Amino acid sequence: MDWARFAQQLASMARDLLAQESVDATLARITASAVELVEGCDAAGILVLHGGKVQSLAPTEQLVVDSDRLQERLGEGPCFDAVRTKEGERVFRIPDFNEEQPRWPAYGPAAHRLGVGSMMGFLLYTEDEELGALNVYSRRPGAFTEAGELAGWLLASHAAVAFSSARTHAQLERAVATRHLIGEAMGILIGSHQLTEEQAFAVLRRYSQENNIKLHEVARRVCEQGSLA
């Protein structure tokens, strides 16, 4: 492992991640970087768990999606375990899927049939929140070494910060857009019904509560239709 070259590539990736314009673009850059920087990696993806449902984010190949769906269907697997509980492993490495996997007796042979030779996974996390797992795959047994595991962990540490930052930025953008939408809807109600700002907001909020519709959707309806009728 040429660590000097790796450090330069990692620094370049970190700058590139911060320059991405959306969460999806950030995730795609993370998984592409895993293939580029982790020796032996043929494919990569990010698995996020919502209850018992698995979501595959930015997979570089169909193999990643197939593996994630397999873990969801079987209810077991290393990536599934990593994001399911806070006590899950932060890093895992499975050297050879030709060998029996006692912890995942159903997933092991099924993953081997998919073409997985070896794999590693890294929990993407910050101090405040669990975000999912970055998983890297090789079609060859024994493709990942301890050096590769360290490289993957370093990449995942940078990726977790970028992922969290991109998500926060997207949430702020949505909040600003929602505030603007509500303000526009209030303006329509004020103009058409001679209401005060407080009264207009109360109308929107009451309609939202009585009809179990999110406030921003109520505001969107007013903006599109000119009223709540």
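1. A crossing of two helices is called left-handed if the near helix is turned anticlockwise from the far one by less than a right angle, and right-handed if it is turned clockwise. With that convention in place, the crossing of H7 and H8 in this predicted model is right-handed. The residues in contact are Phe201, Leu204, Arg205, Tyr207 and Ser208 on the H7 side, and Leu215, Val218, Arg221 and Val222 on the H8 side. Sorted by class, this contact of H7 with H8 holds six nonpolar, one polar and two charged residues. As for the geometry of the pair, the axes of H7, which spans residues 197-211, and H8, which spans residues 215-225, come within 9 Å and cross at roughly 115 degrees.

2. Turning to the chain as a whole, the secondary structure comes to eight helices and five strands, and their order along the sequence reads α-α-β-β-α-α-β-α-β-β-α-α-α. The chain has 229 residues, of which 41% count as buried. The accessible surface amounts to about 12400 Å², and 49% of that area belongs to carbon and sulfur atoms. When contacts are restricted to residues at least 6 apart in sequence, 57% of them join residues that are at least 24 apart.

3. The pair formed by helix H1 (residues 3-19) and helix H2 (residues 23-37) has axes that come within 10 Å and cross at roughly 170 degrees. Because angles over 145 degrees count as roughly antiparallel, H1 is roughly antiparallel to H2. From H1 the contact draws on Phe6, Gln9, Leu10, Met13, Asp16 and Leu17, while from H2 it draws on Thr26, Arg29, Ile30, Ser33 and Leu37. By class, the residues of this contact of H1 with H2 divide into six nonpolar, three polar and two charged.

4. One residue of that contact may be looked at individually, namely Ser33, which lies in helix H2. Ser33 has a relative accessible area of 1% and is therefore buried, given that the cut-off for buried is under 20%. If its neighbours within four places in sequence are set aside, Ser33 is in contact with Met13, Val38 and Leu155.

5. Helix H3 (residues 62-74) and helix H5 (residues 107-114) have axes that come within 10 Å and cross at roughly 155 degrees, which makes H3 roughly antiparallel to H5. In handedness, the crossing in which H3 passes H5 is right-handed. The contact is made by Leu63, Asp66, Ser67, Leu70, Gln71 and Leu74 of H3 together with Tyr107, Ala110, Ala111 and Leu114 of H5. In terms of class, this contact of H3 with H5 comprises seven nonpolar, two polar and one charged residues.

6. Some further detail can be given for H5, in which Tyr107, Gly108, Ala110 and Ala111 are buried. Tyr107, Ala110 and Ala111 are also among the residues of H5 that take part in the contact with H3. After H5 comes Gly115, and the phi angle of Gly115 is positive, near 110 degrees.

7. Among the strands, S1 covers residues 43-50 and includes Val48. The relative accessibility of Val48 is 11%, so that Val48 counts as buried. Between Val48 and Ala82 there is a separation of 34 residues in sequence, while in space the two lie 9.9 Å apart, taken from C-alpha to C-alpha.

Note on methods. Residues are numbered from 1 along each chain as its sequence is written. This is a predicted model: local features need pLDDT of at least 70, side-chain atom pairs count only at pLDDT 80 or more; totals for chains, interfaces and linings use all residues. Side-chain values use heavy atoms; hydrogens and water are left out. Axes are lines fitted to C-alpha atoms, for helices over the stretch in contact, and angles run from 0 to 180 degrees between N-to-C directions. Helices (H or I, at least four residues) and strands (E, at least two) are DSSP runs, numbered from the N terminus. Contact means heavy atoms within 4.5 Å. Ala, Val, Leu, Ile, Met, Phe, Trp, Tyr, Cys and Pro count as nonpolar, Asp, Glu, Lys and Arg as charged, and the others, Gly among them, as polar. Angles under 35 degrees count as roughly parallel, over 145 as roughly antiparallel, 65 to 115 as roughly perpendicular and the rest as oblique. Buried means under 20% relative accessible area, exposed over 50%, partly exposed in between (1.4 Å probe, protein chains only). Accessible areas come from the Shrake-Rupley method with a 1.4 Å probe; for residues, only the protein chains shown count as cover.
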